[in-house]
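Please open the model in a viewer and keep the sequence panel at hand. The tour below proceeds by selection, with a short account of what each selection shows.

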Amino acid sequence: MPDRSTQHPQAIGGEARPRVSLRNALISALALCALVAGPAAAQRADSARSAAARDTVFESDAIIVTATRTPRPVFVTPAPVAVIGAESMRRTQPNTITEALRGVPGVDVTGVGVQQPRPVIRGQRGQRILLLQDGTRLNNARRQQDFGEVPALVDVAAIERIEVVRGPASVLYGSDAIGGVINIITRRPAQEGVHGLIGYRFGQEESQHRGNASVLGRIGRVDFDVLASLRKAGDYRAPAGRFGDIELGEDALVQGTGVDDGSVAARLGISIADGHTVSLRAERYQADGAGFGFVDPAAYAPTQPRIDIRYPEQRFWKTTLAWSAVQLGTPLADRVDVTGWLQDNERSLTFDLFQSFGPQAPPGAGVTVGTHNFTDLRTWGGRLEAKKLVGSSLVVTYGGDAFRDRSVNTDSSLTVVTGFGPPTRRVSTTSLVPDATYRSAGVFVQSELALGERATLVAGGRAQTVRASAEPGSGMDVEAKLASSLVGAVNALYRISDHITLTGSVGRAFRAPNLIEWFFEGPTPEGNGYQIRSPDLVPEKALSLDAGIRYRDGTIAFEAFAFRNRVTDGIRISPTGTRIGGLAAYQNVNVDALIFRGIELATEIHVAPGVTVDGAYTRLSSEDALDPSNPIGDSFSSRLHANARYDAAGAWWLEYGVRHNGERRDVALTENPVGDVLPAFTTHAIRGGATLFRRGATTQRVTFGIENLTNRLYAEASNVSFFRPEPRRRLTIGLEASF
C-alpha cells in the first residue's frame with residue numbers, strides 16, 4: 001500500500017497541490033522582517049509591550065473577553081477565569097501554552113516533550129476542552145476523546161495573552177466546552193509605527209535551539225504583523241530515582257519527546273471606513289519527529305510491553321478572514337463581527353509495540369505490531385455575532401456558527417510473531433474509520449443585565465445539531481449519525497464593595513461524539529483489543545455549579561471558587577465480555593454519571609516595592625455516581641503552587657517557585673508497575689532575567705530558568721499509567737532584542 005504520509009502534498013481526488021518549503025517561507029519572512037523594521041520603531045515598541053504584556057494570572061485589572069464576549073476586568077467577570085499575559089510567558093519561556101498554564105488553579109498537564117503537552121481543566125481533557133485561536137475553533141472531529149489537538153499549532157511568540165475559562169461554556173461556543181475553554185489571542189499592533197522582535201531560546205537538557213522573529217506595525221488605516229520561528233529539540237532524560245514502585249537505577253532516555261518544527265504567519269488589517277475593519281490572517285505550522293514519549297520498560301519493568309507512538313509529520317494551514325463593524329446604531333445591532341476560516345490539518349501516526357512471551361519462551365520470542373495512519377482533515381467554519389444595547393442596562397449578544405470537518409484517512413498494520421519456528425506475518429490495509437464528514441451548526445443568544453450599580457446577571461441559551469456521515473465510496477456501510485442539544489446557563493455577580501465581589505453560576509454544556517467514537521471498528525493500535533463501532537452513542541451532557549469570591553485592594557488580590565460538575569452520558573471505553581479474532585472486544589458506551597468536585601484558591605500579594613508573592617491551591621475529586629468503587633480520576637488530587645519574585649524596576653528580576661502535587665488513590669493504573677497510588681511529589685525552580693542594555697532604538701533582555709532543581713524523578717498524574725516521567729534538572733536561556 002502506498003505510504004500516504006509521504007504523498008500528502010497531492011490533494012485528495014487528484015488535484016495537485018504544490019509543496020511549499022516551510023524553511024524557504026521562514027527565510028522569506030525573516031527577510032521581510034529585516035526590510036520592514038526600522039530603528040525608529042523601537043522606542044514605540046517598549047512602551048507598547050510594557051502596557052500590554054503584564055503578568056495577569058490573578059491581576060484584577062486584566063481584561064477578558066472569552067467568558068461573556070464582552071470585554072470586562074477579571075474582577076467583575078461572573079465566571080472563574082484566568083489570564084496569562086505575554087510578560088508571564090517571557091519569564092517562564094514555555095515551549096507551548098500548556099506549560100504557561102501550570103500555575104493556573106484547576107489546570108493540569110497531560111503529555112510530555114516540547115510539543116505534545118495538552119491542558120487538563122478540572123479533571124477534563126482532550127475533546128472536553130475547547131481550544132480556540134482568536135475565538136475560532138482548533139478542535140477537530142478526528143482527535144481522540146481524551147487526547148485533543150496540540151496547542152503548539154499556535155506559536156508562543158505570536159501570543160498576546162491566553163484566556164482560560166474554567167467550567168462549561170457551551171452557550172457561546174457549542175460542543176466540547178464541558179471542562180472549559182482556552183482562547184489563544186494573538187498580538188495586534190497597539191499604536192502607530194513599526195516595531196519588531198528577535199528571540200532565541202536554548203534548552204540544555206533536550207539540546208533545544210529555537211529562533212523567532214516578528215515585525216508589527218500600524219500605519220494610518222493599515223496594521224500588519226509577520227512572524228517566523230524554527231525549533232529543533234532532541235529527546236530528554238529523566239533522572240535516576242524512585243517514583244512509587246518504579247525505580248530507575250540511572251538517568252533514562254524518554255524517547256519520542258523531541259521535535260523539529262516551525263511556523264510562519266502573516267496578518268493584514270484595514271480600516272475600510274470609520275468603525276469598519278477587515279483582516280486576513282494566513283499561517284502554517286509543520287512538525288516532524290514528535291512522539292508520545294516513553295521509557296524503555298527494560299529499565300524498570302522488563303515484562304511490560306514496549307510501546308512507541310510517533311507523529312512523523314504534521315502539516316497545518318489556516319486562513320482566517322474577519323469583518324467587524326462597531327457603532328452601527330441599527331435596530332438590530334450596535335456591533336457585528338463576522339469570521340470565516342479554512343484550515344487543513346494533515347497528520348501521520350505510527351504505532352510500534354513489542355510484547356515478549358516471557359522468560360520461559362525462547363530469547364526474542366514475542367509479538368510485534370506496527371500500525372500506520374495518515375489523516376487529512378479539512379475544515380471550514382464561520383461565526384456571526386451581533387451585540388445590541390437595549391435601554392441603558394441590557395446588552396444582548398446573539399448569533400450563529402457552523403463548521404464542517406472532512407476526514408480522509410488510510411490505515412495499515414503488520415503483525416509479526418517470532419520465536420516458534422519461522423516468523424508469521426499478518427498484514428491489514430483496512431481503514432478503521434471511514435472517510436467521513438462531520439457537520440455542526442448552532443444558534444445562541446445571551447443577555448447581560450445590570451441590576452443597579454452592583455449586580456450583573458448573564459443568562460443565555462444555545463441550540464446545536466451535529467451530523468456525521470461516511471463519504472460515498474468509503475467502503476464502509478455505516479449509518480449517518482445525527483445529534484442535537486439544547487443548553488443554557490445563568491451567571492451572576494454582586495459587588496459587595498469596591499474590594500469584594502461574589503459570583504455564582506449554573507450551566508449546561510455538551511459534547512457530541514466524534515468520528516472515532518461513532519465509526520471506529522477494528523483492532524486497537526495497542527494490538528491488545530478489538531474496538532466495536534458505537535452507533536448508539538449520544539452526546540455527553542454536563543451540569544455545572546460554581547460559586548466564588550474575589551477580593552482586591554492596593555496590595556492583595558485573592559479569589560476562591562468551589563465547583564461541582566456532573567457529566568451524564570459520559571463516553572468511556574468498556575469491555576463487552578466477548579472476543580473477536582482472538583482479541584478482547586471493547587466498545588464506547590455512555591456512562592450514566594461522572595461527578596467532579598473541587599475548590600480553587602489563588603492569591604497575589606505585593607509585599608514591598610518590587611517584591612511579589614503569588615500562589616494557587618486546587619483540591620479535586622471525581623467519582624462514578626453509579627459505581628463509586630470504579631476509579632475514574634487521572635489528574636492530581638491536590639496541588640499547591642507558589643512563587644516569590646523580586647523585580648528591580650525592570651532592570652533585573654529573580655524568582656523562586658515550588659509546586660507540590662498530593663498523592664491520589666481513585667485512579668485506574670491497570671498493570672502499571674508504579675503501584676496502587678499516584679505518589680506525591682514536590683518540584684522547585686529558580687528563574688531570573690535582566691535588561692542587558694538599551695541603546696538608541698534597541699533593547700536587549702536575557703532570561704534563564706532552572707527547573708526540577710532537586711533533580712527528582714516524577715511524572716504528572718495523567719502520564720503515570722503509561723509511564724512518562726518529566727525531565728531531570730535542566731537549564732533554559734532566552735535572549736530577546738526589540739527594535
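Strands, as the word is used on this tour, are DSSP runs of E with at least two residues, numbered from the N terminus. The model is predicted.

**Stop 1: the second largest pocket**

Select strand 18 (276–291) to begin. With 6 residues, strand 18 gives the most to the lining of the second largest pocket. The volume of this pocket is about 1,200 Å³. Next, select Asp134, Arg188, Ser324, Arg335 and Asp337, which are the closest to its centre of the 40 residues in the lining. Then add the other strands that each supply at least two lining residues, among them strand 9 (180–186), strand 17 (259–273) and strand 20 (306–325). Strand 21 (335–356) and strand 22 (366–390) are likewise in that group. Coloured by class, the lining of the second largest pocket divides into 12 nonpolar, 14 polar and 14 charged residues.

**Stop 2: enclosed space**

Rolling a probe the size of a water molecule over the atoms shows where empty space is left. In this model, there are 11 cavities of 30 Å³ or more.

The largest cavity holds about 790 Å³ of space. To find its centre, select Thr92, Glu99, Arg102, Arg687 and Glu707, the closest to that centre among the 45 lining residues. Helix 3 (86–92) and helix 4 (97–100) each supply at least two residues of this lining. So much may also be said of strand 35 (638–647), strand 36 (652–661), strand 37 (681–695) and strand 39 (730–738). Which classes make up the lining of the largest cavity? It has 15 nonpolar, 14 polar and 16 charged residues.

Move now to the second largest cavity, with about 330 Å³ of space. Select Ala67, Pro168, Ala169, Ala489 and Asn491; of the 29 residues that line this cavity, these are the closest to its centre. Among the elements that give two or more residues to the lining are strand 8 (159–166), helix 5 (170–173) and strand 26 (455–470). Strand 27 (481–495), strand 28 (500–511) and strand 31 (540–552) are also included. The lining of the second largest cavity has 15 nonpolar, 11 polar and 3 charged residues.

**Stop 3: aromatic rings**

A pair of aromatic rings is described by the distance of the centres and the angle of the planes. The structure holds 6 aromatic pairs. Select Phe403 and Tyr438: their ring centres are 6.4 Å apart and their planes are at 25°, so the pair is stacked, as planes under 30 degrees apart count as stacked. Phe403 belongs to strand 23 (residues 394–418) and Tyr438 to strand 25 (residues 436–451), so the pair ties together parts that are 35 residues apart in sequence. Are these two rings buried or exposed? Phe403 counts as buried at 10% relative accessibility, and Tyr438 counts as buried at 4%.

Next, select Tyr646 and Trp652. Their ring centres lie 5.3 Å apart with the planes at 55°, so this pair is tilted. Tyr646 is partly exposed, with a relative accessible area of 34%, and Trp652 also counts as partly exposed, at 40%.

Then select Phe243, Tyr300 and Phe723, which form one aromatic cluster.

**Stop 4: charges over rings**

Select Arg91 together with Trp653. The charged end of Arg91 sits over the ring of Trp653, at 5.7 Å from its centre. Afterwards, select Arg122 and Phe563: Arg122 lies over the face of Phe563, 3.9 Å from the ring centre.

**Stop 5: a buried glutamate**

Select Glu517, in helix 6 (residues 515–519). At 3% relative accessibility, Glu517 counts as buried. A polar atom of the Glu517 side chain lies 2.9 Å from the backbone nitrogen of Asn514. Zoom out to include Tyr300, one of the residues of the aromatic cluster. Glu517 and Tyr300 are 34 Å apart in space, C-alpha to C-alpha, and 217 residues apart in sequence.

**Stop 6: positive phi angles**

Most residues other than glycine have a negative phi. Select Arg69, in the loop between strand 1 (63–64) and strand 2 (72–73). Although Arg69 is not a glycine, its phi is positive, at about 70°. Finally, select Asn711, in the loop between strand 38 (698–707) and strand 39. The phi of Asn711 is near 55°, a positive value in a residue other than glycine. With a relative accessible area of 26%, Asn711 is partly exposed.

Definitions and conventions
Residues numbered from 1 in each chain as written. Predicted model: local features only at pLDDT ≥ 70, side-chain atom pairs only at ≥ 80, totals over all residues. Heavy atoms only, no water. Phe/Tyr/Trp six-rings, centres within 6.5 Å; stacked < 30°, edge-to-face > 60°. Helix = DSSP H or I, 4+ residues; strand = E, 2+ residues; numbered from the N terminus. Buried < 20%, exposed > 50% of the residue type's maximum accessible area, 1.4 Å probe, protein only. Lys NZ or Arg CZ within 6 Å of the ring centre and 35° of its normal. 1 Å grid on protein atoms, 1.4 Å probe; cavity = no way out; pocket = protein on both sides within 12 Å on 5 of 7 lines; lining within 4 Å. Points joined across faces, edges and corners; volume = space filled by probe spheres on them. Nonpolar A, V, L, I, M, F, W, Y, C, P; charged D, E, K, R; others polar. Polar contact = N/O pair within 3.5 Å; in protein donor to acceptor, adjacent residues only side chain to side chain.
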